[in-house]
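Please read this briefing alongside the model. It covers helix packing, backbone features and one database annotation.

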Amino acid sequence: METPYPNPISPTKTRIGWIGIGVMGAAMATRLLSAGYSVTIYARSPSKALDLQSKGALLVNSVLELAQTSDIVFTMVGHPSDVRQNVLDDNGILQGLNPGGVIVDTTSSHPALARNIFTAARAKGCWAVDAPVSGGDIGARDGKLAIFGGGDEGVVNWLLPLFEVLGKVTYVGEAGCGQSCKIANQIPISANLMGLSEGLMFAERAGLDTKKFLEAVRGGAAGSMAMELFGERMIGRDFRPGGYAEYMVKDLGMAVDIVEEGEDERVVVLPGAALIKQLFSAMVANGDGKFGSQGLISVIERLNGK
């Protein structure tokens, strides 16, 4: 094996594996293919892999086969349970990955699980980086994701040639810190989405043109990346997902609900995040969990009888 850590990453030598080809994962894998990297993918529903195959990706039949033929394996799946299954279970990534190989989990997952995966990887002579992302489907498509890197700093820096194709990485600390950073990231994002939803609802009821309202306030203190990404989508009722609303329930839940054994000192009282989690939970209860997070405005509209 020539290419796993710490040998330099190269499009002509480094073999990339990718698990999770939904909206975000497919866009990220496409960028690596466009940059000239060899990308092998696994999909539970092979028909969903056709677009990536047309762009040069190789489809394999199992996670184990993917790991055995990859130097670096990225995961972008739905929930911590999916991460655990793909990485730690029998016939998972760690069973097949060769020594020196690296796992990069870009899923929004639990910090404790990231630490467990890091420990398990090191025991096998491999490495693991938790590198969740922010920026939605547009950021994934355009290579402008914010990437939160946790794990060994040397490994995160070694991965820069790949991260730079996807966006901008910031090293935030040891294993698990990337996931903690993503959870913290979701709190102001969700608060911005709630404020934007309520602002649009108020502006509409006040008789304002909502597009002119956005134009008026976006350059002031009320402006935000959430407004730039989602404001016009909200007005146009475009709820196509970059990230599902049900995933926001998961992410905020990790902030306000989950207490790991022996980690009581990490618990923080977050009344705002708890309230917004309930609003996203109402989206799911209304059958809108597969909407994008900008669909939060639908809950505010329901509360106002619209």
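Contact here means heavy atoms within 4.5 Å. By that criterion, Asn-192, Leu-193, Leu-196, Ser-197 and Leu-200 in helix 10 meet Ala-226, Met-227, Phe-230, Gly-231, Met-234 and Ile-235 in helix 12. This is a predicted model, in which local features need pLDDT of at least 70 and side-chain atom pairs count only at pLDDT 80 or more, while totals for chains, interfaces and linings use all residues. Residues are numbered from 1 along each chain as its sequence is written, and side-chain values use heavy atoms, with hydrogens and water left out. Helices (H or I, at least four residues) and strands (E, at least two) are DSSP runs, numbered from the N terminus.

**Helix 10**
- Helix 10 covers residues 177–205, and its 29 residues should span 42 Å at 1.5 Å a residue (the expected span is 1.5 Å times one less than the number of residues).
- The end C-alpha atoms of helix 10 are 43 Å apart, which agrees with the expected span.
- Gly-207, just after helix 10, has a positive phi of about 90°.

**Helix 10 with helix 12**
- The axes of helix 10 and helix 12 (residues 225–235) come within 11 Å and cross at roughly 40°; axes are lines fitted to C-alpha atoms, for helices over the stretch in contact, and angles run from 0 to 180 degrees between N-to-C directions.
- Helix 10 is therefore oblique to helix 12 (under 35 degrees counts as roughly parallel, over 145 as roughly antiparallel, 65 to 115 as roughly perpendicular and the rest as oblique).
- The crossing of helix 10 and helix 12 is right-handed, meaning that the near helix is turned clockwise from the far one by less than a right angle; anticlockwise would be left-handed.
- The residues of this contact divide into eight nonpolar, three polar and no charged (Ala, Val, Leu, Ile, Met, Phe, Trp, Tyr, Cys and Pro count as nonpolar, Asp, Glu, Lys and Arg as charged, and the others, Gly among them, as polar).

**Helix 10 with helix 13**
- Helix 10 and helix 13 pack at about 120°, with their axes 9 Å apart.
- That angle makes helix 10 oblique to helix 13.
- Helix 10 passes helix 13 in a left-handed crossing.
- Helix 10 contributes Lys-182, Ile-183, Gln-186, Ile-187, Ile-189, Ser-190 and Leu-193 to the contact, and helix 13 contributes Met-248, Asp-251, Leu-252, Met-254 and Ala-255.
- By class, the contact of helix 10 with helix 13 holds eight nonpolar, two polar and two charged residues.

**Helix 13 with helix 14**
- The axes of helix 13 (residues 245–256) and helix 14 (residues 271–285) are 9 Å apart, at an angle of about 150°.
- The two helices, 13 and 14, are therefore roughly antiparallel.
- The crossing of helix 13 and helix 14 is left-handed.
- The contact of helix 13 with helix 14 has 11 nonpolar, two polar and two charged residues.

**Backbone features**
- The peptide bond from Tyr-5 to Pro-6 is cis, with omega near 5°, and Pro-6 lies in the segment before strand 1 (15–19).
- Asn-91, a residue other than glycine, has a positive phi near 65° and is found in the loop between helix 4 (80–88) and helix 5 (93–96).

**Annotation**
- An unreviewed UniProt entry lists residues 15–173 as "domain: 6-phosphogluconate dehydrogenase NADP-binding"; positions are in the numbering used here, feature names are shortened, and annotations may be inferred rather than shown by experiment.
- Residues 15–173 are 43% helix and 25% strand, with end C-alpha atoms 26 Å apart.
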